[in-house]
Amino acid sequence: MQAWLDSLIAGSELLQQVPAGLIYTIGILGACTLVLLFASLLAGEVVWLERRVAGRMQARIGPNRVGPQGLLQFLADGLKLLGKEDIIPATADKAVFLMAPVIVFMGAFAAYCVMPFGYGLVPADMNLGLFLILSITSIEVVGVIMAGWASNSKWSILGAMREVAQMVSYEIPLGIAALSVAILAGTLNLTDITLQQGGGIWNWYVFRGPFGFIGFFAFFIAALASLKRAPFDLPEAESELVAGFHTEYTGFRFAIFFLAEYAGMILFAMLTSVLFLGGWYTGIPGIELDGAGSRWIGFGVLFAKTSFLLFVMIWVRWSLPRFRIDRVMYLCYKVLLPISVLCVVGAAAQVWLGITLAGGTLAAPGEGGFADWLAGGRP
Amino acid sequence: MSDAGHTPGGGDVAERDVYTGAGEPAPSPSSVHERQELVGRDLRTEELVLNIGPQHPATHGVLRVVIKTDGEFVRELEPHVGNLHRCAEKIGESVPYYQWLPYVDRMDYLAAMCNEHVAAMAIEKLGGVEVPERAEYCRVIIAEVQRILSHLMAIGVYGLDLGAFTPFLHQFRERERGMDLLDHISGGRLLYHYIQIGGVKRDFSREWLDELDAWLASVERRLPEYNTLLLNNRVFQQRTAHIGLINEETAKRWGVTGPGLRAAGVDWDLRRDVPYSVYDRFEFEVPCGESGIAGELGDCFNRHWIRVREVEESLKIIRQALAQMPEGPTMAKMPKSFKAPKGEIYVRGENPRGELGVYIVSDGKPTAYRIRCRGPSFSNIAVITEVARGTMIADLVALIGSQDIVLGEVDR
Amino acid sequence: MLAGYLKNIWHGVSTTAKGMKLTWRHFFTKPTTIQYPDPGEETYFSPYERSLHEFEPEKCIVCFLCAKACPVDCIRIEDDPTKKSKAGKFLTVYEIDYAKCLFCSLCVDPCPVDCIHMGTQHDLAAFQRDDGGVKIDFMNGEGYWRTAETSAHPESGLKPHLERHGLNKEEDE
């Protein structure tokens with residue numbers, strides 16, 4: 001994005017008189033606002049998608065009254081939640097209580113800044129993009145503990161502890177499975193990872209060898225668990241029996257937690273698409289969506305892949321009963337962790353042996369990154 | 001069962017609930033206690049007293065369960081019932097018999113026809129009323145339809161308790177159609193007032209019977225779908241197999257009846273062993289608990305599986321009854337003012353949840369002297385006081401759901 | 001042991017996949033929802049539906065049999081002994097307290113002139129408890145209305161009815 005701003009400044013005399021730092025700041029703020037708005041809107045619409053898809057799978061119609069086909073349902077929900085009384089428990093730790101939703105929200109929304117929406121359509125093109133996403137989403141854990149503790153209620157703290165245990169445990173296979181892609185790509189830069197998946201559907205990391213394939217499923221399941229979704233929602237639904245960490249939150253504070261959950265869903269669906277399913281590439285060889293106009297088509301392609309993965313997330317949720325907490329932990333440490341470690345080792349072996357599959361390109365030594373390091377290049 | 005003056009969740013948990021490991025015998029062996037004994041007598045641990053309140057999203061009703069947990073495991077459990085008490089028995093002492101019948105519906109509101117059946121039988125036996133044969137067949141068909149509806153609800157709601165939201169809505173599809181059937185014949189969808197003293201209110205019409213056939217076919221076709229989502233699902237099996245074991249001795253001691261008793265291995269079904277109405281004319285199997293399908297005798301999985309099997313058996317009974325049904329009147333000739341002679345009677349019937357018993361004492365007036373109903377859910381929920389010790393909280397939910405209680409019946 | 005472990009994983013994955021296949025199939029079937037009828041829409045009712053009563057006051061002979069048959073004593077009947085009507089006694093108040101009514105239809109059978117039935121109107125919503133949503137009152141003489149008018153319509157209900165017919169001075173409990 002900096003390149004675009006520079007080109008703007010270069011092309012306009014008026015802007016050249018303004019200090020560059022100011023333009024950059026305004027640009028960044030503008031981009032962040034845009035991303036925030038977009039993510040919030042999208043989160044609201046995913047709520048609609050979930051309720052409609054869930055309804056159809058359950059032989060019923062979902063919400064269809066508010067707006068055409070019920071698309072404005074989230075507005076109605078938002079208005080309702082805004083209108084509720086803001087109750088803060090008298091014995092709650094007020095500062096921590098008020099901060100917790102903000103932190104959870106931040107953990108879910110800040111990570112959008114490094115997501116490549118299209119060729120060059122990334123608010124902040126960071127070389128550590130993947131790492132940044134995984135670490136920002138870990139901040140949610142802190143918010144959850146804060147919420148549970150500050151509510152000063154037995155059920156809240158119990159629910160929060162369980163949630164935290166689950167989220168933290170599943171970050172291990174999540175990170176390791178993402179690491180296998182990083183090894184195959186040789187870089188943590190999400191734009192570069194996507195660029196290497198161009199040129200045909202067989203270049204997508206999910207099809208590039210067995211370790212990408214298994215890594216895809218491991219990553220997806222670990223993401224589901226990390227989001228407290230699908231069959232792993234025991235802390236928040238059994239705690240539905242006894243309330244959970246966000247029991248004492250009413251009105252819009254609850255809406256923030258709710259939005260953060262759906263924004264996290266979208267984030268991980270997008271991340272999975274970027275890492276494994278080719279990002280903005282259509283998979284048809286010859287169509288490289290990197291022009292000034294076609295990059296927005298690439299955005300549409302990424303959006304379509306994200307929607308598909310969201311649909312799968314919703315589909316899984318409404319098809320399975322909940323796991324018990326000890327089975328959740330079993331699944332993490334005894335099933336997903338060995339599988340993801342296997343993926344990493346296999347990916348590293350694949351790179352080391354220089355095996356490129358089906359005409360795709362692996363990061364060749366000399367391009368920097370892990371492959372370079374393996375070959376003895378500079379760290 | 002309920003302790004007056006017991007205030008769970010109070011601020012003085014530590015003071016009241018300290019378990020020092022010394023002197024007090026452990027209520028049931030569990031590794032937690034053994035570990036504490038080993039570590040030291042003066043290791044203080046605090047039990048957490050939690051209240052699974054009368055309002056909770058699980059649809060069993062207003063049941064309040066106070067549990068003392070040790071981390072994840074339940075050490076003691078106390079159900080507090082009575083939140084739905086509506087004095088049905090006391091009302092039986094103030095209104096005539098035929099006016100009391102609408103109240104019977106409301107006890108087990110998910111299986112209202114079966115309640116009516118047993119209550120009407122009790123009043124008729126006491127009063128010496130002869131019910132015409134066609135009415136008996138009508139009653140059996142309706143009661144079995146109601147049994148299917150009740151079990152469908154139990155199957156779906158159990159999935160809901162465990163987090164599988166979809167079978168809950170799928171079963172409503174069949175249940176709604178069945179309730180439309182009962183609505184068509186009686187005018188109500190949940191509370192019918194159809195079985196009256198001396199017979200049934202209305203006869204079946206030809207189109208009602210055709211609609212019944214179509215519905216039975218659809219239930220039969222769709223039943224395997226619930227199994228795909230629940231019984232055969234590995235996650236469900238992990239949540240319910242070997243959980244919540246109620247063995248035969250415990251079941252008999254606490255008076256558990258219905259699927260809970262049969263899951264424990266006791267082959268007892270009132271319709272076959274103490275036949276009432278015209279049940280002795282039908283051939284049907286009584287599913288009993290088995291070890292080895294996925295669980296063991298007396299666990300939640302077996303109870304669920306038995307309910308699914310009982311739906312199949314009810315389908316058989318209905319079809320046989322439809323084939324055998326004779327023509328005739330559907331209501332006996334009843335006197336203007338029905339008086340039961342002096343005496344008492346206890347009649348029991350096999351409700352979907354267990355054995356419903358109605359005990360009536362009459363002193364010759366049009367109003368009973370005393371009516372007492374034995375609701376099966378009362379014993380079914382009492383047994384968890386013993387069985388739930390040592391289970392995890394998530395398993396507690398599975399256990400309560402598998403007992404399939406209806407608070408209207410517990411509290412009457 | 002490894003074989004058991006892998007078999008477990010395979011069992012979990014395969015049963016999940018079967019369940020997902022079922023829900024996928026359901027996604028494409030027609031939903032069974034019947035939407036709540038908008039005002040004026042027709043909806044299905046059973047022929048013996050037991051909802052709000054329909055009462056024909058001109059037939060009523062004030063025999064009190066329905067009030068006696070009611071298990072919860074929710075029917076209040078009053079007559080004016082000084083007047084006579086076509087059917088017999090002169091009915092002044094016929095009130096069913098819907099806060100108590102069980103909808104059991106025990107009042108329907110004893111009626112010798114068949115003037116009370118259970119109807120199909122089920123919408124008892126009102127903004128205030130005394131505003132026609134709970135009690136239905138009927139006044140014979142100058143004017144009466146059928147219970148089918150009782151709804152959340154602001155023109156229906158007891159108070160507007162009394163005003164319409166200039167009967168405000170009658171107070172009922």
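These are my notebook entries on a predicted model with chains A, B and C.

**Entry 1: chain C overview**

I began with the fold of chain C. I counted 4 helices and 5 strands there. Along the sequence they follow the pattern α-β-α-β-β-β-α-β-α. I also looked up burial: of the 173 residues in chain C, 41% are buried.

**Entry 2: second largest pocket**

I then turned to the second largest pocket, for which I noted a volume of about 1200 Å³. Its lining has 37 residues, and those closest to the centre are A:Phe217, A:Ile221, C:Gly12, C:Val13 and C:Thr16. Which elements supply at least two residues each to this lining? I listed α9, α12 (294-317) and α13 (325-352) from chain A, α9 (234-240) from chain B and α1 (2-27) from chain C. The largest share is that of α1(C), with 10 residues. By residue type I recorded 31 nonpolar, 4 polar and 2 charged residues in the lining.

**Entry 3: nonpolar patch on chain A**

I looked for nonpolar surface and found a patch of about 610 Å². I wrote down its members as A:Ile201, A:Trp202, A:Phe207, A:Phe213, A:Ile214, A:Phe217 and A:Ile221. Two of these names, A:Phe217 and A:Ile221, I had already entered among the residues closest to the centre of the second largest pocket. I checked A:Phe207 separately. This residue sits in the loop between α8 (190-195) and α9 (210-226) of chain A. Its relative accessibility is 45%, so I entered A:Phe207 as partly exposed.

**Entry 4: salt bridges**

Over all chains I have 49 salt bridges on record. I went through three of them in chain B.

The pair B:Arg75 and B:Asp70 has its closest N and O atoms 3.8 Å apart. I looked up burial for the pair, and both residues are buried.

For B:Glu124 and B:Arg139 I noted 2.5 Å between the closest N and O atoms. Why does this pair tie together separate parts of chain B? B:Glu124 lies in helix α5 (residues 112-127) and B:Arg139 in helix α6 (residues 133-162), so the bridge ties together parts 15 residues apart in sequence. B:Glu124 has a relative accessible area of 4% and is therefore buried. B:Arg139 is at 0% relative accessibility and also counts as buried.

The third bridge is between the side chains of B:Asp269 and B:Arg271, at 2.9 Å from N to O. I have B:Asp269 as buried at 0% relative accessibility, and B:Arg271 as buried at 4%. I then followed this pair outward into a network of salt bridges that links B:Glu144, B:Arg147, B:Arg262, B:Asp269, B:Arg271, B:Glu310 and B:Glu350.

**Entry 5: helix α16 of chain B**

Is helix α16 (residues 393-403) of chain B enclosed or open? I found 11 of its 11 residues buried, so the helix is largely enclosed by the rest of the structure. The buried residues run from B:Ile393 to B:Gln403 and include B:Asp395, B:Ser402 and B:Gln403. After α16(B) comes B:Asp404, which I noted for a positive phi near 50°.

**Entry 6: other positive phi values**

Most residues other than glycine have a negative phi. I therefore kept a note of the exceptions that came up. B:Cys87 is not a glycine, yet its phi is positive, about 60°. I placed B:Cys87 in the loop between β5 (73-80) and α3 (88-91) of chain B. At 34% relative accessibility, B:Cys87 is partly exposed.

C:Val62 is another non-glycine residue with a positive phi, about 55°. I found C:Val62 in the loop between β1 (53-55) and α2 (65-69) of chain C. Is C:Val62 buried or exposed? With a relative accessible area of 1%, C:Val62 is buried.

**Entry 7: two sequence separations**

I finished with two C-alpha distances. A:Ala150 and A:Val96 are 54 residues apart in sequence and 5.8 Å apart in space. A:Ala150 belongs to helix α6 (residues 129-150) of chain A and is buried, at 0% relative accessibility.

B:Ser205 and B:Phe378 are 173 residues apart in sequence, and I noted 37 Å between their C-alpha atoms. B:Ser205 is in the loop between β7 (199-200) and α8 (206-229) of chain B. Its relative accessible area is 29%, so I have B:Ser205 down as partly exposed.

Terms used:
Residues are numbered from 1 along each chain as its sequence is written. Chains are lettered from A and ligands numbered from 1 in the order in which they are written. This is a predicted model: local features need pLDDT of at least 70, side-chain atom pairs count only at pLDDT 80 or more; totals for chains, interfaces and linings use all residues. Side-chain values use heavy atoms; hydrogens and water are left out. Patches are made of residues with over 30% relative accessible area and no salt bridge: like charges are joined within 9 Å, nonpolar side chains (Val, Leu, Ile, Met, Phe, Trp, Tyr) within 5 Å. Accessible areas come from the Shrake-Rupley method with a 1.4 Å probe; for residues, only the protein chains shown count as cover. A salt bridge is a side-chain nitrogen of Lys or Arg within 4 Å of a carboxyl oxygen of Asp or Glu. Buried means under 20% relative accessible area, exposed over 50%, partly exposed in between (1.4 Å probe, protein chains only). On a 1 Å grid over the protein atoms alone, a cavity is a set of points where a 1.4 Å probe fits but cannot get out, and a pocket is an open set with protein on both sides within 12 Å along at least five of seven lines; lining residues have an atom within 4 Å of a point. Grid points are joined across faces, edges and corners, and a volume is the space filled by probe spheres set on the points. Ala, Val, Leu, Ile, Met, Phe, Trp, Tyr, Cys and Pro count as nonpolar, Asp, Glu, Lys and Arg as charged, and the others, Gly among them, as polar.
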